[in-house]
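Morning, everyone. Please have the sequence and the structure open for this one. I'll talk about pockets.

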Amino acid sequence: MAKSLDELKVLQERSLNENIVNILGIDKNEFRKRFTDETDVKKRTRYILDISKIAEDKIVEERNKNGENWKQDFYNKMVTVQNLKIRFGTLTFRILDNLDKYKLLIEK
């Protein structure tokens with residue numbers, strides 16, 4: 001399971017770099033500070049809205065540059081992120097299942 005977690009961490013970092021940093025041009029340290037590590041819900045929500053506006057502008061730019069085919073690249077990136085989320089959810093479920101088994105062993 002540790003190997004799977006390490007693999008997901010690498011994939012998540014690659015996705016973060018590709019999507020947030022390279023495509024949207026957002027500084028990774030700022031993203032971590034204002035999204036990942038932020039505990040104030042209002043500040044985090046405001047930052048999400050800021051990123052949404054950047055993404056919206058990027059979509060308009062790509063649509064103007066590549067009329068018919070702009071969706072495919074974005075679709076592929078979204079599928080990659082969705083698969084990452086599914087794999088993480090599956091791994092989390094397996095961890096919870098194992099914790100339940102350990103709990104039963106401890107109770108015995």
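First, a term we need: a helix here is a DSSP run of H or I with at least four residues, and helices are numbered from the N terminus. One caution as well: what you see is a predicted model.

Now the second largest pocket. Which helices each supply at least two residues of its lining? They are α1 and α4. The space in this pocket comes to about 180 Å³. It is lined by 13 residues. Leu-11, Ser-15, Glu-18, Thr-80 and Val-81 are the closest to its centre. Which helix gives the most to this lining? That is α4, with 7 residues. By type, the lining of the second largest pocket splits into 4 nonpolar, 5 polar and 4 charged residues.

On to the largest pocket. Here the space is about 980 Å³. Four elements give two or more residues to its lining: α1 (2-23), α2 (28-36), α3 (41-65) and α4 (70-107). This time α1 gives the most, with 10 residues. The lining has 29 residues in total. Nearest the centre of the largest pocket lie Ser-15, Asn-19, Ile-20, Phe-31 and Val-81. As for type, count 17 nonpolar, 6 polar and 6 charged residues in the lining of the largest pocket.

Let's stop at one residue, Ser-15. Find it in helix α1. Ser-15 is on the list nearest the centre of the largest pocket. Ser-15 is also on the list closest to the centre of the second largest pocket. Is Ser-15 buried or exposed? The cut-off for buried is under 20% relative accessible area. Ser-15 has 13% relative accessibility, so it counts as buried. And what does Ser-15 touch, leaving aside its neighbours within four places in sequence? Its contacts are Ile-20, Val-81 and Leu-84.

Leu-84 takes us to α4, where it is one of the buried residues. The others listed there are Trp-70, Phe-74, Lys-77 and Leu-91. Which helices do the buried residues of α4 pack against? They pack against α1 and α3.

Last, look along α4 from end to end. This helix has 38 residues. From its first C-alpha to its last, α4 reaches 57 Å. That is close to the 56 Å expected at 1.5 Å a residue.

To recap: α4 gives the most to the lining of the second largest pocket, and α1 gives the most to the lining of the largest pocket. Thanks, that's me done.

How values were computed:
Residues numbered from 1 in each chain as written. Predicted model: local features only at pLDDT ≥ 70, side-chain atom pairs only at ≥ 80, totals over all residues. Heavy atoms only, no water. 1 Å grid on protein atoms, 1.4 Å probe; cavity = no way out; pocket = protein on both sides within 12 Å on 5 of 7 lines; lining within 4 Å. Points joined across faces, edges and corners; volume = space filled by probe spheres on them. Nonpolar A, V, L, I, M, F, W, Y, C, P; charged D, E, K, R; others polar. Buried < 20%, exposed > 50% of the residue type's maximum accessible area, 1.4 Å probe, protein only. Contact = heavy atoms within 4.5 Å. Expected span 1.5 Å × (residues − 1).
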